[in-house]
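Reader: Please explain the structural terms applied to this model, and set each value against the criterion behind it.

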Amino acid sequence: MSADALANGDHKKVVRRITCVGAGYVGGPTCAMIANKCPHITVTVVDMNQAKIDEWNSDSLPIFEPGLEEIVMKCRGTNLFFSSDVPQAIRDADLIFISVNTPTKMYGKGKGMAPDLKYVESVARSIAEHAEGPKIVVEKSTVPVKAAESILSILRDAQRTNNNLTFQVLSNPEFLAEGTAMRDLSNPDRVLIGGEDSEEGAKAVAALVEVYESWVPRERIITTNTWSSELSKLVANAFLAQRISSINSVSAICEATGADVSEVAHAVGFDTRIGNKFLNASVGFGGSCFQKDVLSLVYLCESLHLNKAAEYWHGVIEINNWQRRRFADKIVAELFNTVAGKKIAVFGFAFKKNTGDTRESSAIHVCKHLMEEQANLHIYDPKVTESQMRSELAIESSEKNVTKLVTVHSDPYEAAKDAHAVVILTEWDEFKTYDYSRIFNSMVHPAALFDGRLLLKKKEMESIGFRFFGIGTAPNHLTRVGFAATP
Ligand SMILES: NC(=O)c1ccc[n+]([C@@H]2O[C@H](COP(=O)([O-])OP(=O)(O)OC[C@H]3O[C@@H](n4cnc5c(N)ncnc54)[C@H](O)[C@@H]3O)[C@@H](O)[C@H]2O)c1
Ligand SMILES: O=c1ccn([C@@H]2O[C@H](COP(=O)(O)OP(=O)(O)O[C@H]3O[C@H](CO)[C@@H](O)[C@H](O)[C@H]3O)[C@@H](O)[C@H]2O)c(=O)[nH]1
């Protein structure tokens, strides 16, 4: 983009070259979508991880997302490029997305709560070092409120020594969910763009709006001030996570009373003010975002001395941890209070279906508790690799324990053979299609089935012969009419 174009507000098709720093779950799919929808824009995705860039340039992409491969294969080499030459990509770009990871900080002040912004800062410094002309810099990473101010301070410092440089920093958080990333990107509920409350800020916002307008209806593109945009991302994730913790807390009430959590969710969700989405009780939410972003919100509240608000949001995490633990404890209790030396088949290790991502997966936590009880775990997941499972579990346990207690299978029937129990931890659709009579017949009896995702029908499984335990599903003696639950 020429300096004149930005200064004159001549933003029509001024964004011709986009660079995205960070070729991960967000950077890769988002840029593939932009390249596909905007043939007039050249999109370059860069990463400091050369191996990852090599994978993006190969036939075996580093992440699995339905529909991603087709688009990458179509656009790669035409207007979509993957490179590790960060300085060159910065020099070439009109607009730069910062799409790097912002994990929970594991050291120093804010340890275990605050997001670690060192990667975001290092990108800001690279832009300051290598930019030769005006740039629109866009926070795509999830960051705390006011992060744009820090980025701008670094960039403005570079302006002091180079008059050709002008920078605008926008917030454009990403709302895609893994497993449905391409669908979410091509048909988003909304695109959110926050910018500086100034003429230059408005021009930069308009330039980014124009990029999205190539495929997103204008009324779904929301523009706000920078801080509202940054905060909205954290709040959206906190609300979603809160819904899951709410229904999970209800699942415990159901198990103790004879109510059924699926029926309660169905009845409650019929109220249009409440809505029926995101009310699936589970073994707890996982993924790289919910826990991290709720903790970031809690940390923000604490930093602002809003302790009641901090406590409120922290409850969402506490319920999630409680739910995971409750489920693991239930398995041990129902297997006659000991799982030591028993074979337990685990179906599912990814944090949700249709992804190979295991970050913060509830499966890790449940497996960890079972390993502490010396269970022999036989794990099957359709997408997660053996090395990925082993390295996740080694962080929580020890490599020695993992070697001793964990076997990974490529066939679910083999995983279940001679097992005392099958435990379902991810909502993969294929788990609904298995021949459970065959599985039951191959197991040690009495054979138990623990459904942490409410995928299977209790009555059907019981008629096969399983002792069945589903999240939010009461034992049979509680569901009989005439039973009075004791508070
Ligand atoms: N994963 C999701 O579904 C999702 C959805 C919405 C928002 N987000 C947010 O988007 C951001 C990115 O998440 P992600 O899941 O794509 O992360 P990721 O870990 O998959 O990818 C981040 C990439 O950035 C690279 N990187 C880090 N610092 C760099 C630097 N200085 N120069 C070049 N490359 C660098 C890393 O090597 C890595 O490949 C996070 O803030 C996250 O909270 C994630
Ligand atoms: O009713 C539900 C819905 C989800 N989950 C679990 O919640 C976790 C997160 O699921 P989901 O939100 O679908 O996936 P993510 O990829 O983590 O996406 C969330 O986090 C992203 C990163 O910030 C946001 O962009 C998305 O909008 C937001 O949905 C997974 O473990 C799911 O199994 C439930 O237990 N019950």
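The exchange below takes up the sheet, the domains, the salt bridges and the local backbone features.

Author: The model is predicted, so local features need pLDDT of at least 70 and side-chain atom pairs count only at pLDDT 80 or more, while totals for chains, interfaces and linings use all residues. Residues are numbered from 1 along each chain as its sequence is written, chains are lettered from A and ligands numbered from 1 in the order in which they are written, and side-chain values use heavy atoms, with hydrogens and water left out.

Reader: What makes β13 and β14 paired strands?

Author: Two strands pair if DSSP finds at least two bridges between them. Strand β13 (residues 448–451) is joined to β14 by 4 bridges, and the two run parallel; the criterion is therefore met. L449 has F468 of β14 as its bridge partner. Strands (E, at least two residues) and helices (H or I, at least four) are DSSP runs numbered from the N terminus.

Reader: Why are β11 and β14 said to stand at the edges?

Author: The open sheet has 6 strands in the order β11-β10-β9-β12-β13-β14, with parallel pairing. β11 (406–409) and β14 (467–470) each have a single partner strand, so one side of each is left without a neighbour in the sheet.

Reader: How do you know that helix α13 packs on the sheet, and what is its direction relative to β13?

Author: Contact means heavy atoms within 4.5 Å. Helix α13 (residues 307–334) touches β9 (343–347), β12 (421–424), β13 and β14, and its direction makes about 170° with that of β13. Axes are lines fitted to C-alpha atoms, for helices over the stretch in contact, and angles run from 0 to 180 degrees between N-to-C directions. Helix α14 (residues 362–372) lies across β9, β10 (376–380) and β11, at about 155° to β10.

Reader: What area do domain 1 and domain 2 bury between them?

Author: The domain bounds, which come from an automatic or database domain assignment, are 3–216 for domain 1 and 238–479 for domain 2. Buried area is the accessible area (1.4 Å probe) that two parts lose on being put together, summed over both. Here the value is about 1400 Å², with 58% of it on carbon and sulfur atoms. In domain 1, F64, M113 and E178 lose the most area to domain 2, together 45% of what that side buries. The contact involves 18 residues of domain 1 and 17 residues of domain 2.

Reader: Why is the pair E178 and R359 called a salt bridge?

Author: The rule requires a side-chain nitrogen of Lys or Arg within 4 Å of a carboxyl oxygen of Asp or Glu. The side chains of E178 and R359 meet at 3.4 Å, N to O, and therefore satisfy this limit. K140 and E174 also form a salt bridge, at 3.0 Å. K140 lies in the loop between β5 (135–139) and α7 (147–159) and E174 in the loop between β6 (167–171) and α8 (181–186), so this pair ties together parts that are 34 residues apart in sequence. In the whole structure, 22 salt bridges are found.

Reader: What makes the peptide bond from H445 to P446 cis?

Author: Its omega is near 0°. P446 is placed in the loop between α18 (436–442) and β13.
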